[in-house]
Protein chains: 2
Amino acid sequence: MLRLSKLTDYATVILSFMARDNTQLHAAMEIASATGIALPTVSKILKLLVNAKLLISTRGAKGGYALARAPEKISIAAVISVLEGPIALTECSISHQGCEQASGCDIRDSWSLINQTIHNALEALTLADMIKPVQLQNPAWKQEILIPIASLYR
Amino acid sequence: MLRLSKLTDYATVILSFMARDNTQLHAAMEIASATGIALPTVSKILKLLVNAKLLISTRGAKGGYALARAPEKISIAAVISVLEGPIALTECSISHQGCEQASGCDIRDSWSLINQTIHNALEALTLADMIKPVQLQNPAWKQEILIPIASLYR
DNA sequence: TGATTGTGTACTATTCTAGTCCTATTTAAA
DNA sequence: TTTAAATAGGACTAGAATAGTACACAATCA
């Protein structure tokens, strides 16, 4: 599996929950019971999101968390970056050092293109999109979603 | 990082090497020294690729491995699937059971759409594309690669 | 002042990954 | 017929990463 960690998955669940009611503060406890994720785990994720400036926290009694921006302005790519680091499939896409392949690793450029594609896809999708019901019945999306990536090489 | 395992990375390197000279058999030993990957590891990966029918093996003296199909017919998605299992970002995209979120997990459909996008991107790219030199100088690709995924929700 | 709520850090158990090794089987060549 | 070369299959281990927990501390409000 092209795996995303569980924590990232939780983060999207938590943020989606908050995006649905963006007018008030949500305490960690409230989020935990609403989402079914254990409180310590929720707390851990919220802290990371605050550090990444995706959330704003208010301490003390009646405190809690709120989105730092409108849901339309928070991309899924940003959420993933917080929990997983840079979005890249292979190690050498991040750091070009340490690749000790004897023969020329000519496929690095190909990978970077693939990474770019995926990154763009995730960048275009926002929290606001996540909480809208999707019409999977719409047959148009199948064509629309195809990416002519192979053609880039010709 | 949206991580792909090292083994998957190695597999693409190995397959690229083989695709460059698809006319003869390559022994595991030869591939190991050409790519700089340790022999036991190469061997392990080759076995997996044979089981997945991406390679054909010939036993005995003068034996070795060869691509089962032309490089144009081997997609990167297929390679990734062999080493990582189904291409999906979240657990629930594979099995819809065991998701114990208390409140409705409405974002599952969104994830499946994202997964589909990424899968299509990887499906469109083949081994043949990987061994071609990429012209990153071409400024056109930046526009071309944008995916109107957000628009799908409107 | 005390209750509530977030902050920061450290810790641990578990799972996953990467890599190694060994033995059996098959085939070609001597 | 024997031997060497090569793949096949499985078991195993060390190390790293992940997920989850715990606790002391800081801030705010009533």
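# Two protein chains on two DNA strands

A base nitrogen of DNA strand D sits 3.5 Å from a polar backbone atom of B:A61. That's a handy place to start in this predicted model, where most of the strand D atoms within 4 Å of the protein aren't base atoms: 70% belong to sugar or phosphate. Below is a quick tour of the DNA surfaces, then the helix α2 of chain A, the hairpins, and a couple of residues with unusual backbone angles.

**Around DNA strand D**

- There are 22 residues around strand D, and the ones that come nearest are A:K6, A:K44, B:K47, B:S57 and B:R59.
- Both chains chip in here: α1 (6–20) and α3 (39–51) of chain A each give at least two residues to this surface, and so do α3 (39–51), β1 (55–58) and β2 (64–67) of chain B.
- Sorted by class, you get nine nonpolar, eight polar and five charged residues near strand D.
- On the phosphate side, B:Y65 has a polar side-chain atom 2.9 Å from a phosphate oxygen of strand D.
- From chain A, a polar side-chain atom of A:R59 is 3.0 Å from a sugar or linking oxygen of strand D.

**Around DNA strand C**

- Strand C has 24 residues around it, with A:K47, A:S57, A:R59, B:K6 and B:K44 coming nearest.
- Of the strand C atoms within 4 Å of the protein, 70% are sugar or phosphate atoms, and bases make up the rest.
- A:S57 puts a polar side-chain atom 2.8 Å from a phosphate oxygen of strand C.
- The backbone gets involved too: a polar backbone atom of A:G60 is 3.2 Å from a sugar or linking oxygen of strand C.
- Chain B adds B:R59, with a polar side-chain atom 2.9 Å from a sugar or linking oxygen of strand C.
- The elements that each give two or more residues to the strand C surface are β1 (55–58) and β2 (64–67) of chain A, plus α1 (6–20) and α3 of chain B.
- The class count for this surface is nine nonpolar, eight polar and seven charged residues.

**Helix α2 of chain A**

- In α2 (residues 28–35) of chain A, the buried residues are A:A28, A:I31, A:A32 and A:T35.
- These residues span an arc of only 100 degrees around the axis, so they end up on the same side of α2(A).
- Flip to the other side of α2(A) and you find A:M29 and A:S33 exposed.
- What covers the buried residues of α2(A) includes α1, α3 and β2 of chain A.
- Right after α2(A) comes A:G36, with a positive phi near 80 degrees.

**The hairpin in chain A**

- β1(A) and β2(A) run antiparallel and are joined by four bridges.
- As one example of who faces whom, A:T58 is opposite A:G64 in β2(A).
- Five residues separate the two strands of this hairpin, and A:G60 in the turn has a positive phi of about 80 degrees.
- In a regular strand, side chains alternate between the two faces of the sheet.
- In β2(A), both faces are covered: A:G64 and A:A66 are buried on one side, and A:Y65 and A:L67 are buried on the other.

**The hairpin in chain B**

- β1(B) and β2(B) pair antiparallel over four bridges.
- B:I56 has B:A66 as its bridge partner in β2(B).
- Five residues lie between the strands of this hairpin, and the turn residue B:G60 has a positive phi of about 80 degrees.
- From β2(B), B:G64 and B:A66 point one way while B:Y65 and B:L67 point the other way, and all are buried.

**Positive phi outside glycine**

- Most residues other than glycine have a negative phi.
- A:K53 isn't a glycine, but its phi is positive, near 65 degrees.
- Where is A:K53? In the loop between α3 and β1 of chain A.
- A:K53 is exposed, with a relative accessible area of 63%.
- B:K62 is also a non-glycine residue with a positive phi, near 65 degrees.
- You'll find B:K62 in the loop between β1 and β2 of chain B.
- Is B:K62 buried or exposed? B:K62 is exposed, at a relative accessible area of 81%.

Definitions and conventions. Residues numbered from 1 in each chain as written. Chains lettered and ligands numbered in written order. Heavy atoms only, no water. Near = heavy atom within 4 Å. Polar contact = N/O pair within 3.5 Å; in protein donor to acceptor, adjacent residues only side chain to side chain. Nonpolar A, V, L, I, M, F, W, Y, C, P; charged D, E, K, R; others polar. Buried < 20%, exposed > 50% of the residue type's maximum accessible area, 1.4 Å probe, protein only. Arc of directions from axis to C-beta. Contact = heavy atoms within 4.5 Å. Pairing = 2+ DSSP bridges.
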